[in-house]
Amino acid sequence: MRINFKIIFLVFIGFILYGTILLWIRCGANLRSNSLERKIDIYSISQKLKVEGDQNSDPQSNSGTLNLFKTEEIDCSINGDYTVRCRKEGEEVYIPFSFIHKYFEVYGKLTRYNGADRFEWSHSYARVHQPKRKYTTEGVFTYFENYKVEERDRVKCISGMEGVPVTTQWKPAGYFYPTQIAQFGLAHYSKNLTEPKPRRSVIAHSHSVDKSWIIPEGSLLTSIITNDSNTIRSTLLKFSTVGDEGVTLNAKFNSDFVLSVDLKLNVDASSCLQVTLMDLEKKEFWFLNYICGNFFIKAKKPHIYHGIKCNEWTFLVRDLFIDLQKGLVALKIPKKQIFRSKLRISNLKFFGSGLCSSIFLSTNEHSKQFFAAAEWLVTNQNNLTGGWANPVQRKLAPGFRTLEPGWYSAMGQGHAISLLARAYYVSKNSKYLKAAFLGLKPFHALTNNGGVVTHFMDQLPWFEEYPTTPSSFTLNGFIYSLIGLYDLVSVAPVDKKEEASLLLNEGLDSLKKMLLFYDTGSGSMYDLRHLTLHVAPNLARWDYHATHVNQLLLLHTIFHDPIFLTVGTRWQDYMKGTRAQHN
């Protein structure tokens with residue numbers, strides 16, 4: 001067969017041309033891709049570009065990062081006042097976030113996301129609680145289901161006598177602060193609606209003495225039938241001990257730490273209920289002693305003492321973990337060293353002599369703690385003025401006249417009314433409604449006459465959280481007072497609503513007309529001292545700003561006035577760095 005070399009040569013030349021064209025197309029695509037990559041800004045390159053390699057390579061390895069530019073340290077001059085060390089990469093300059101955090105009050109932290117480091121930036125550390133439904137008096141109080149009042153550092157302890165918090169806010173020795181007590185009660189009311197029903201178990205019955213009790217020789221523990229009018233219990237445990245040994249309950253205690261018992265200790269220095277807690281991790285024992293004495297809390301390691309009433313009934317509801325934490329603070333031991341999950345109740349003892357009901361352990365007793373606060377408010381209200389006095393001196397800021405002990409707060413009055421309105425709603429006991437109406441009296445008296453009322457520009461009424469001279473016009477306290485008035489209007493009989501309703505409408509009118517005075521364009525004002533003292537503005541820190549937002553969004557669910565939604569939404573945007581436009 002004759003071979004045609006001319007044809008073979010032409011075929012060979014065709015293959016060469018085809019390969020050349022194919023190679024040119026592929027190389028051209030790569031050149032165009034590289035050209036586009038060069039146009040990506042420096043920030044994107046330094047943050048995002050990585051060499052595509054083995055899919056199974058270590059995600060924490062930095063070997064795949066493109067180091068396109070040399071990094072060098074330079075000085076950054078801050079407004080010509082001082083310098084900080086920065087880093088330069090190409091034409092981009094990187095300033096340390098530790099400096100940015102302090103200079104601009106923004107926040108950030110390193111986290112892990114999808115196996116890689118990520119820096120999360122936020123303009124605010126506070127949180128806004130979006131309303132889920134219309135606010136109602138029978139429902140949770142604002143967003144207080146998230147409050148843990150007794151865990152606050154400024155709460156010295158929960159009083160053994162009253163069952164309400166003792167504050168150190170403006171007096172280290174401790175005192176009863178009506179606003180905080182109302183917040184304590186409102187938080188427990190709200191938690192009672194939002195948390196599961198308590199798991200409750202009886203660890204000792206009052207109708208019998210079982211084998212779990214250890215009774216030393218010479219001591220007594222017996223069940224008795226009683227007709228004592230001061231207790232609703234028909235049977236009680238009566239105890240009497242001698243020497244240093246008490247009667248001991250060695251039951252199988254569960255992991256619940258809220259102890260409930262009706263207790264009457266006789267006037268005897270040795271009379272005491274003692275609960276022993278064991279730290280499983282450190283193998284340490286702590287002794288919580290509830291003893292006859294007129295004091296808040298004392299501690300001498302490993303003993304912690306809470307004073308309770310002598311020779312009369314005390315209805316004890318104690319979160320043993322909280323009592324231990326407060327004792328550790330008294331001992332100057334960091335409370336973070338103790339964990340609830342690492343604690344167990346070892347035993348329970350009675351010393352001295354007295355009476356007690358059945359003893360319960362539960363996951364919570366929110367309802368009982370709510371009513372403890374309500375009872376404190378009824379008992380400690382001034383029957384002439386209707387107020388709940390703050391028994392400490394308060395200096396709000398330089399330029400304001402010092403508030404002397406006995407001053408009233410519109411916020412405290414409002415919180416108390418909100419709590420009493422709920423106590424009446426739940427119990428239908430008229431004493432709570434009567435106390436709530438009596439609490440309106442300070443809303444009719446000027447601040448310079450023992451009340452909470454001042455006027456903006458001598459025209460608009462304002463209810464002062466701090467009844468200062470000159471006026472301070474604190475925003476969050478004023479709004480809380482309006483919520484209290486609304487709560488009373490909501491539960492009051494129709495023929496008794498008028499007084500609270502008029503006060504509420506006056507306050508709402510003032511709020512709508514004055515609200516924009518508090519808008520800074522990037523946040524909100526805590527008060528208006530810059531107008532009354534002629535000083536620099538007092539900006540609300542982010543947690544107070546978030547409170548303002550929460551309050552405005554809540555008011556919108558009730559009254560549907562667009563100003564509350566418009567301003568509340570704008571202020572919420574400020575928390576993400578949005579600012580008002582400039583000219």
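Which strand does E13 pair with in the antiparallel sense over 3 bridges? I began my notebook with that one, and I should say at once that I am working from a predicted model.

**Entry 1: strand E21 and its partners**

I looked up strand E13 (residues 258–265) and found that its partner is E21, paired in the antiparallel sense over 3 bridges. For a residue-level handle, I noted that the bridge partner of Leu259 is Leu361 in E21. Next I checked strand E8 (residues 200–204), which pairs with strand E21 (residues 359–362), also in the antiparallel sense, over 4 bridges. Here I marked Val202, which stands opposite Phe360 in E21.

**Entry 2: a small open sheet**

I then turned to an open sheet of 3 strands, ordered E1-E2-E3 with antiparallel pairing. Strand E1 (71–78) and strand E3 (92–94) are at its edges; each has a single partner strand, so one side of each lacks a neighbour in the sheet. I also looked up the twist: on average, neighbouring strands of this sheet are turned by 40° against each other, direction ignored. Strand E2 (residues 82–89) and E3 pair over 3 bridges in the antiparallel sense. From that pairing I wrote down Glu89, whose bridge partner in E3 is Glu92. As a reminder to myself, strands of a sheet pair through backbone hydrogen bonds, either parallel or antiparallel.

**Entry 3: helix H5**

Is H5 mostly covered or mostly uncovered? I found it mostly covered, with 9 of its 11 residues buried. Among the buried residues I listed Leu320, Phe321, Ile322, Lys326 and Leu328. At the start of H5, I saw that a side-chain oxygen of Asp319 comes to within 3.1 Å of the backbone nitrogen of Phe321. Just after H5, I noted Lys332, which takes a positive phi of about 60°.

**Entry 4: the cavity**

How many cavities of 30 Å³ or more are there? My count came to 1. The largest cavity has a volume of about 40 Å³. I copied out its lining for the bench: Glu150, Ile158, Val317, Arg318, Asp319, Ile322, Asp323 and Gln369. Asp319 from my helix notes turns up here too, and so do Ile322 and Asp323, which are both buried in H5. Strand E18 (314–319) and helix H5 (320–330) each give at least two residues to this lining. The largest share, 3 residues, comes from E18. I sorted the lining by class as well, and got 3 nonpolar, 1 polar and 4 charged residues.

Conventions: Residues numbered from 1 in each chain as written. Predicted model: local features only at pLDDT ≥ 70, side-chain atom pairs only at ≥ 80, totals over all residues. Heavy atoms only, no water. 1 Å grid on protein atoms, 1.4 Å probe; cavity = no way out; pocket = protein on both sides within 12 Å on 5 of 7 lines; lining within 4 Å. Points joined across faces, edges and corners; volume = space filled by probe spheres on them. Nonpolar A, V, L, I, M, F, W, Y, C, P; charged D, E, K, R; others polar. Buried < 20%, exposed > 50% of the residue type's maximum accessible area, 1.4 Å probe, protein only. Polar contact = N/O pair within 3.5 Å; in protein donor to acceptor, adjacent residues only side chain to side chain. Pairing = 2+ DSSP bridges. Axes fitted to C-alpha atoms, helices over the stretch in contact; angles between N-to-C directions.
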